[in-house]
Amino acid sequence: MPALRALLTGLFLLSLMPASRPANSEASGVSSHRLGSFDIEAHRGGRALRPENTLQSFANALSMGVDTLELDMGVTRDGVVVVSHERGLNPDLARAPDGKYIPAEIPFIKLTLAQVKQYDVGQIRPGSAYAARFPEQVAIPGTRIPTLAEVFDLVRRSGDRHVRLNIETKIDPTHPEESLDPQHFVAAVLDLLRREHFSDRVMIQSFDWRTLQLVQKQAPEIPTVYLTEQSGSDSNVHTDAASVWTAGFEPRDHGGSVPRAIKAAGGKIWSPDYADVDARSIAEAHQLGLPVIVWTVNQPEDMARLIDMGVDGIISDRPDLLRAEAARKGLPLPRPAPVSP
Ligand code: G3P
Ligand code: CA
């Protein structure tokens, strides 16, 4: 990573932080993030190794040493922020008390937290295509979906004063009936962050830029991370057409440039699918003052190539391999913080 860019990135990230230590810093136990250093992020806690988005995966990541825990959020019928990639119970993960995997997704907005806690998410459905993708994941039967507050407790118990959380609002504008609306979703998350004194340890990310606009207005101290997917059926930004995901900030109004659209939206970080970036787009983002954190990179050769290309961080299902690759590149490594789930 070129020293000048690392310095500029560090200054940029520093500029995101409050000028003086916020009153809640003591309570959350944070000192400072390793500002300006390369960001090693454990995707869903490192789902290739432990059941995704669980206290087990987050404890595993903290114990090996990461800069950031990446996770996804939903909100239950009784208003509790829970950690899950899907907007409801996932049939490939959730087993009912009778031991059987559920036949179809059940949205969290139809379930109370007590009901969510009845399901076991400690093992991917054996024989499924999803299980075939992660053959090394250690099954831990009995694992429950955690609340975000429980993840905060785990981080406190780990004693890691540097690790941050990159927390994603899972809302799909094309399926508004499956989750809270952006206003109520953001309100639930910000309320929890303030109650738990964790606002200074998170970045909020989303493919749904409407939620990021709300965060910027209501909690400008929290960095917003603009997720982009530019190809395939899951794409949320287009260079030549409008999208329901982008809150009106369209690349076509900014010379076809995705980072320019994010800059216009007031975003602090660009987080693209790693297959969508090249040295030119990364350089353009840096010229705009946007750090680039790519997802989801699991092969060491891709990690090495992207580090050489100048990305500021990588989100990976294999934080162990990412640590090894970062070490090979001479990048500083976050300290392990051993903790039990
Ligand atoms: O943080 C980026 C990445 O998590 C986005 O993809 O689908 O795993 O949430 P997804
Ligand atoms: Ca995510």
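This passage looks at the two ligands of the structure and the residues around them. The model is a predicted one, and ligand 1 makes a good place to start.

Ligand 1 sits in the largest pocket. Its surroundings are made up of H43, R44, E70, D72, H85, E168, K170, Q205, F207, L227, W295 and I315. Sorted by class, this shell holds 5 charged, 4 nonpolar and 3 polar residues. Several of these neighbours offer polar side-chain atoms to oxygen atoms of the ligand. For H85, the distance from a polar side-chain atom to an oxygen of ligand 1 is 2.7 Å. The corresponding distance is 3.1 Å for E168, and an N or O atom in the side chain of D72 lies 3.3 Å from a ligand oxygen. On its own, ligand 1 has 290 Å² of accessible area, of which the protein covers 91%.

Attention now turns to ligand 2, a calcium ion, whose protein donors are E70 (OE), D72 (OD) and E168 (OE) at 2.2 to 2.3 Å. Along the sequence, these donor residues follow the spacing E-x1-D-x95-E. Distant parts of the chain are thereby linked: D72 belongs to strand 2 (residues 68-75) and E168 to strand 6 (residues 164-169), with their positions 96 residues apart in numbering. The calcium donors E70, D72 and E168 are also listed among the residues around ligand 1.

Definitions and conventions: Residues numbered from 1 in each chain as written. Chains lettered and ligands numbered in written order. Predicted model: local features only at pLDDT ≥ 70, side-chain atom pairs only at ≥ 80, totals over all residues. Heavy atoms only, no water. Near = heavy atom within 4 Å. Polar contact = N/O pair within 3.5 Å; in protein donor to acceptor, adjacent residues only side chain to side chain. Areas by Shrake-Rupley, 256 points an atom, 1.4 Å probe, with all protein chains shown as cover. 1 Å grid on protein atoms, 1.4 Å probe; cavity = no way out; pocket = protein on both sides within 12 Å on 5 of 7 lines; lining within 4 Å. Sits in = over half its atoms within 2 Å of the grid points. Nonpolar A, V, L, I, M, F, W, Y, C, P; charged D, E, K, R; others polar. Donors = N, O, S within 2.8 Å, 3.2 Å for Na, K, Ca; no water. Helix = DSSP H or I, 4+ residues; strand = E, 2+ residues; numbered from the N terminus.
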